[in-house]
Protein chains: 2
Amino acid sequence: MLSNSSKYALKAVLFLALHANENNKMMVKDISERINVPKAYIAKLLQELSKRRILSSTKGPKGGFYINEANKNQPIMKIIDIIDGKKRIESCALSLEDCNEHIPCPLHALINPSRSKMIALLESKTINDLAMDLKLNKAFLPV
Amino acid sequence: MLSNSSKYALKAVLFLALHANENNKMMVKDISERINVPKAYIAKLLQELSKRRILSSTKGPKGGFYINEANKNQPIMKIIDIIDGKKRIESCALSLEDCNEHIPCPLHALINPSRSKMIALLESKTINDLAMDLKLNKAFLPV
DNA sequence: TCTTAAATATGATTAATATCATGTTTTTAT
DNA sequence: ATAAAAACATGATATTAATCATATTTAAGA
Ligand code: FES
Ligand code: FES
């Protein structure tokens, strides 16, 4: 469903939501070690996410990545969209040009209701929502 | 969600369910043209599906692919499993080793109910079920 | 039995993702 | 001012998935 890049991005963002903030920035090296994603790989993703305002960063000594309140209130879907594009999730399961009730492919009736529900949740739940689940031990990040 | 190969396989199987049978076999060339998938590519997939008894085939002149009643009563999921492996659909969205309620990743609560529903449908609906939808113009195959 | 038409088996190539590497810019602290 | 520490920008390499090619086997029909 999600690319590796999206999974890594999500892990990094949620990790930062829990463990970093404006006065406690984290360097790529530490993030990489804690979420177990190759340094150079996650670095590239973090830069993209920073540019797109999913998270914040500052350069130079004492610099690093963090996530502020504004960042936290963004929907999970936005991260997926930036990295994979919404199409990856929303497009027709059999690659019909466009997916709708009017000219549905044979899988549409089977998957669309579930998929719509899933998309609605990814669009309504925010980074903060999921970070809370982690904090309350209702969910756990992959090592 | 599905690989290109799975999509092509599904298209081919459903196409055969509608347009071929034991006395009216279809050659790779015609299938390829009608479902708009490269000949050499769909040939390889058809061979695999034939070996795994999703469809039937005979060699030589007057030979070709077709699909009989036994073939038709198999669940859609079996095709996906043969081509992609169930893991592609069932595994954790964030790549946790195993996906369950006990140690869920942060996305589990958002996606698992929908995904379970979808999987149940893919496992209960048969090739014949979807072929019927096509026959009744309730669904349409991508060109 | 011989020729021909089909699937089958196997492998090669190409394209897309994932991963890695490195020089440039910015900021802090001396 | 200068040196060092960090992100940033850009591009290179490696791995996997998608696509293509071809020699072999089987069955029909002359
Ligand atoms: S038309 Fe194929 S999934 Fe909607
Ligand atoms: S644990 Fe991640 S989707 Fe179930």
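Which atom of DNA strand C lies 2.7 Å from a polar side-chain atom of Ser57(B)? In this predicted model, the partner of Ser57(B) is a phosphate oxygen of the strand.

## Surface near DNA strand C

DNA strand C is surrounded by 25 residues, the closest being Pro38(A), Tyr41(A), Met27(B), Lys44(B) and Gln47(B). By class, the residues of this surface comprise ten nonpolar, eleven polar and four charged. Elements of both chains each supply at least two residues to the surface: α1 (4-19) and α3 (39-51) from chain A, and α3 (39-51), β1 (56-58) and β2 (64-66) from chain B.

Sugar or phosphate accounts for 64% of the strand C atoms within 4 Å of the protein, and bases account for the rest. Besides the contact of Ser57(B) with a phosphate oxygen, a polar backbone atom of Asn4(A) is 3.2 Å from a phosphate oxygen of the strand. A base is also reached: an N or O atom in the side chain of Gln47(B) is 2.9 Å from a base nitrogen of DNA strand C.

## Interface between chains A and B

Chain A and chain B each contribute 33 residues to their contact. About 2800 Å² is buried between the two chains, with 76% of it on carbon and sulfur atoms. Leu94(A), Pro106(A) and Leu110(A) provide 22% of the area that chain A buries against chain B, more than any other three residues.

Between these chains there are zero salt bridges, while five residue pairs are in polar contact, both residues being at pLDDT 80 or more. On the side of chain A that touches chain B, the elements giving two or more residues are α1, α7 (108-124) and α8 (127-135). Of these, α7(A) gives the most, with eight residues. The class composition of this side is 25 nonpolar, three polar and five charged residues.

## Salt bridges

Over all chains, six salt bridges are counted. One of them joins the side chains of Lys29(A) and Glu33(A), at 3.1 Å from N to O. The two residues are four apart in helix α2 (residues 28-35) of chain A, and therefore separated by about one helical turn. Lys29(A) is partly exposed at 44% relative accessibility, whereas Glu33(A) is exposed at 52%.

Lys72(A) and Glu69(A) form a salt bridge at 3.8 Å; they lie three residues apart in helix α4 (residues 69-72) of chain A. Here Lys72(A) is buried, with a relative accessible area of 13%, and Glu69(A) is exposed, with 54%.

Glu123(A) and Lys86(A) meet at 3.3 Å. Glu123(A) belongs to helix α7 and Lys86(A) to the loop between α5 (76-84) and α6 (87-90), so this pair ties together parts of chain A that are 37 residues apart in sequence.

Terms used:
Residues numbered from 1 in each chain as written. Chains lettered and ligands numbered in written order. Predicted model: local features only at pLDDT ≥ 70, side-chain atom pairs only at ≥ 80, totals over all residues. Heavy atoms only, no water. Near = heavy atom within 4 Å. Polar contact = N/O pair within 3.5 Å; in protein donor to acceptor, adjacent residues only side chain to side chain. Nonpolar A, V, L, I, M, F, W, Y, C, P; charged D, E, K, R; others polar. Contact = heavy atoms within 4.5 Å. Buried area = accessible area lost by both parts, 1.4 Å probe. Salt bridge = Lys/Arg side-chain N within 4 Å of Asp/Glu carboxyl O. Buried < 20%, exposed > 50% of the residue type's maximum accessible area, 1.4 Å probe, protein only.
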